[in-house]
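Visitor: Pick one sheet in this model and take me through it closely, strands first and then whatever packs on it.

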Amino acid sequence: MKLSENWLREWINPDWDTQTLAEELSLAGLEVDGIDGVVAEFTNVVVGKVVSVEKHPDANKLNITTVDVGELEPLQIVCGAKNVDAGILVCCAKVGAVLPGNFKIKAAKLCGVDSNGMLCGATEIGLADNGVDGLYCLPSDAPIGMDIRQYLDLDDKVIDVDLTPNRADCLSVEGIARDISAISGLKVSQPFTNNVEVIKNGECSQLVSVNEPVACPKYLGCMVINFDSSAKTPLWMKRRLERSSVTPKNLIVDVTNYVLIELGQPMHAYDADKLTGNLQVRFAHDREKMITFDGKELKLQKKSLVIADDAGVIALAGIMGGLSTAVSSDTKNIFFECANFNSSVITGRARQYGLHTDSSHRFERGVDSFLPERAMERALDLFTKVAGGKVSKIIAEVSENNLYKPKEIQLRPERITKLLGVVIADKRVEEIFNSLNFTINKNSTGWGMIAPTYRYDMEIEADLIEEIGRVFGYNNLPEIDIEAPLRLPKVTESAQDLYLIKKHLASQGFNEIITYSFVEEGFQYKLMPSISAINLKNPISDDMKSMRTTLFPGLLNTIAYNQNRQQVALKLFEAGLVFINQDDTLDNLVQEPMLSGAMVGNLEVSNWAQKNKMVDFYDLKAQVEAILTISDLIDEVSFVPQNISIFHPGQSAAIIKNGEQIGSLGQLHPALVKDAGVAGKVFMFDLKQSAILAIKVPLAVAISKFPAVQRDLAFIVEQDLPVQKLIDTLQNYPSSILKTIEIFDVYQGDGLEKNKKSIAISFRIQHETRTLQDEEIDNLMLNLINLAEETVFAELKYEYKIGK
């Protein structure tokens, strides 16, 4: 926020120079980004009155002027400006003046005529010309002979304060003055009194109804008629607006902007003759249209608060007025609006329509609900002093129950000491909060503090302690060495470190990515249509509207981005939260940590020693099995073929542990390839971190001293039988001597029926305390053969014995 230093000093004027003022504000948390002069330095330029103008005898474009500068004799100055005329007041640089750019004014002869000075345009003294070609003309009441820097207040400074979002109370001259009062100990002195004659001019003829009192708890309105429509904005007001980066437009608009900067209350003025019927404060109808005063057509959404008359929407509440009722140079009667809107209703609305205004900036952060009365009176006073007119009574629609009322916050002395590291006397604490206009209720444990109604940022005890630190002075806090003893967290032996899994994936050529938790709603729905997603009310952009229910959108977007830059062989993984909404109330929101990965393109970097091999389903499955092996889960999970909407029907599987699905893997469905913007076959997996980060604690057992026996069996089974089903069947057989079961061959072809396949399995058998007997080994193998035959209809092809 930019503001005039001299304007600020009218409210409070501590005995500090400009630099000290800036430093004190910064130390109090209102960081000053810069201090700039209004114009560059120049000297000896005064207010002059052009007494007479004569044409130069030898130059058609020049005039010989006589200028009164308040001295005994007027000055003769040759001037070429087109708008020079007798009687006007101008900026006159006398002989000896130095203008910006070190341009020195000397006595000279122009085409043979003496010229003792220079009549200046705006740019020649460092001001904006505002489209005027010629001399910078001054008001008729400008004191002749006065230094122009003094008259135009050009020694003023513009202070640029960078406010944090929570300090909406300082988005005004008065707000910053209040903070200076707290840190300096001086009182704020309001530099004006409102003297509007109301008000005796009858009732307001414009009726207003507030249909949404929660969204608009206070609405004030006032009619002003029969004013001087030719009245211009005073020069002093224009200067202050310009120094606050607000472009002056006309008296009506300038007054509302002036009150905005001075008090922090947004206002709006309607051309009363363009209003149709009664005004309503309501929510917009879906797709209702409005044209803003800058000509932009908006299609409104249902949750947008609007001001409407009988003809339709005339303003987007708290954001911008409409073109249909905008004031102009022809406006004869005006209706001033001064309202308080609930910040939750305004927040994000301007951004949805591609707008950002000074009003929305303030209402989004919170405006004092008890300020509209003062602001309305101030605006009426400013306006009628310049343009006159008859002012109606102020109408007020107020919902007391919905006005913001700060809650009492408990403050404890010991907590102050704990957070600030210094003991601050109770009396000093009370002085600080008195200077900040808090209501203080002393109690047995400390104080109950009630913030003023303009401090929306006071919510918890830490907020109060921050105020103490600001006013006491962070630079006054003692320097204390911090004691930070290391306390290592207790990690159970069964906990797996996610870092180890990430490290393994990196060793396999995977790159970790980190993507936003917000994704494009339509794309995510196509990937996971069965999962209900949470949509944001105020998204950063339309393609970041939905909370992710899977990590796959981020992986696919990253693959597409890299493929578009000639990166064709990709292995990526991401660990992060997904958000599952189990009902519409958000009461059962689940935030599930997941680990997901994707592979596409060549399996290895091309080289002379081997042919290029494209990634396939089994390459991905091998990576998932390696992760499960690290977590010692490989014997507890099974891969079950399953149709999953995101994956190719023939190349997808669910990962099951103890009857619960802990993940999935497969090839991206061909129908989704175009939507994802990727090329080639993309293989992806996801795993619940909760499943893979809990491992079995290793148990130490003695190594058997007795010989092991290996038996190999070959089974003929149906071609469509998953190999895993046969393995699970054999592993479920209860035996203390059966140590391992491993597949070493799968065969289909000559010698087998078309719908059959052969699976060769190796069994390792060993006893812990004695040598095995042939009989018990044979019984075990017979039982396994019978189990396979009964369960999966496997037919024994051959048996091979190795060792004893």
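Guide: Here's a walk through one sheet and the helices against it. Keep in mind that this is a predicted model, where local features need pLDDT of at least 70, side-chain atom pairs count only at pLDDT 80 or more, and totals for chains, interfaces and linings use all residues. Numbering starts from 1 along each chain as its sequence is written, and side-chain values use heavy atoms, with hydrogens and water left out.

The sheet is open and has 7 strands, in the order 28-31-32-36-35-34-33, with mixed pairing. Strands (E, at least two residues) and helices (H or I, at least four) are DSSP runs numbered from the N terminus, and two strands pair if DSSP finds at least two bridges between them. At the edges sit strand 28 (511-512) and strand 33 (637-641), each pairing on one side only.

Now zoom in on strand 31 (residues 570-581) and strand 32 (residues 589-600), which run antiparallel and share 12 bridges. In that pairing, leucine 572 stands opposite alanine 598 of strand 32.

Next, the helices. Helix 16 (residues 552-563) packs on the sheet and touches strand 31, strand 32, strand 34 (647-657), strand 35 (660-668) and strand 36 (682-688); contact here means heavy atoms within 4.5 Å. The direction of helix 16 makes about 150° with that of strand 31. Such angles run from 0 to 180 degrees between N-to-C directions, with axes fitted to C-alpha atoms, for helices over the stretch in contact. Helix 17 (residues 617-630) packs on the sheet too, touching strands 32, 33, 34, 35 and 36, and its direction is at about 20° to that of strand 36.
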